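Please walk through this model with me, one region after another, keeping the display open as you read.

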Amino acid sequence: MRLKNNYNKLVLLAILVLTVSCVSVSTLDIQVLEPASDPVEPAIRDIVVLNRSVIKDPLPPLETEIVDTTLPESYLTGLINKTTTEAVFSLADILNESPSFNYIDQTRLLEITTDDPANIPEPLDQLFVAGLCDSLEAQALISLEFINIVYTDSLVTETHTEYGRSMRYIRGVIDLRLDVKWRIYEGFGGVLSDEYLFVDTMRWEVADWNIDDVLYRMPEIEEVFLESAYFAALTYARRIAPYWLTHERNVFFRGTRGLRRAYRHLINDEIDNAEEIYFEELNRWNNNIVGAAMHNLALINELKGDARRALVWARRSYQVAQKSLTAAYIDILEERVRISEELDRQLGVN
């Protein structure tokens, strides 16, 4: 009887150990700052954004097949002007999220008309740029110099064959070629310091058996133009200033009551409360739990923007409990440390 009781105790102990040793993994989306490919000088904090592509005279009409009509001159001219405005405002909105610049308000969003929208203009007059930047207390001017959009759409009837049976369907296609010229001028002296020609193609495609369904699902021409403008602004913003991206991280969220409580705080952006609980979990006797808490403390420090401290915690976690997820996280954090040094240079952090 005593042997049986001892056996039962051992079984219960084994179950208890198994229960407290198992930690579950979830994922968490975090915002990570990425460096620009060709950043402006860190000393440039206040900028003016100029739309130099506002069309004064009507453009030739545009024939479209999908809407089965010819867009009039006034509509197309207004659409292009709305597109360039979207590009400039989108650029300002995106740059306002970057730590590189001070806030760009509407007093620093300007526009002038062009008499020759078909060609890239000569650089702005230096005295004009210097005077404008001086009056607005800016160190640089970013200008949308030129935009050219080649839009084509079509409805194509095609045949799909399956099991020896042929069926006809309709495919709607919108192709767009985008050429956008951006320039940056120094505020003091008005000298041209950077120029970038963005060239890309975009395609929208819908297929269906019914032509009415194709037409219903195809985007409106204005939606296509404005989306292309935002894409051009996003691409250029990421060229000249650090930007935020969403990355996914692993987090240990279950295994003890403390890990579960801390995880609820974490997903509710209560980082300090979660961190306090993870420190308490370091007193556990089970290395599996301690390693999980250390891994999560590494994540806490990355969320706070301290990749170096996060790397220290991740390495400690791997020493305690050799988890493959933590090993992969160490690789990520080593890269983040390298990137943080590059970001410090771009942001002028000593």
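Helix 8 (residues 287–303), a helix being a DSSP run of H or I with at least four residues, numbered from the N terminus, has 17 residues and reaches 24 Å from its first C-alpha to its last, close to the 24 Å expected at 1.5 Å a residue, where the expected span is 1.5 Å times one less than the number of residues. The model is predicted, so local features need pLDDT of at least 70 and side-chain atom pairs count only at pLDDT 80 or more, while totals for chains, interfaces and linings use all residues. Residues are numbered from 1 along each chain as its sequence is written, and side-chain values use heavy atoms, with hydrogens and water left out.

Of the 17 residues in helix 8, 14 are buried, that is, under 20% relative accessible area, with exposed meaning over 50% and partly exposed in between (1.4 Å probe, protein chains only). At its N-terminal end, helix 8 is capped by Asn286, a side-chain oxygen of which lies 2.8 Å from the backbone nitrogen of Asn288; just after the helix, Gly305 takes a positive phi of about 90°.

Another place to look is Asn96, which belongs to helix 2 (residues 73–96) and counts as partly exposed because its relative accessibility is 21%. Leaving aside residues up to four places away in sequence, Asn96 touches Asn102, Tyr103 and Ile104, a contact being heavy atoms within 4.5 Å. A polar atom of the Asn96 side chain lies 2.7 Å from the backbone nitrogen of Ile104, and the C-alpha atoms of Asn96 and Tyr243, 147 residues apart in sequence, are 9.9 Å apart in space.

Terms used: Helices (H or I, at least four residues) and strands (E, at least two) are DSSP runs, numbered from the N terminus. A polar contact is a pair of N or O atoms within 3.5 Å; within protein, one must be able to donate a hydrogen and the other to accept it, and residues adjacent in sequence count only if both atoms are side-chain atoms.
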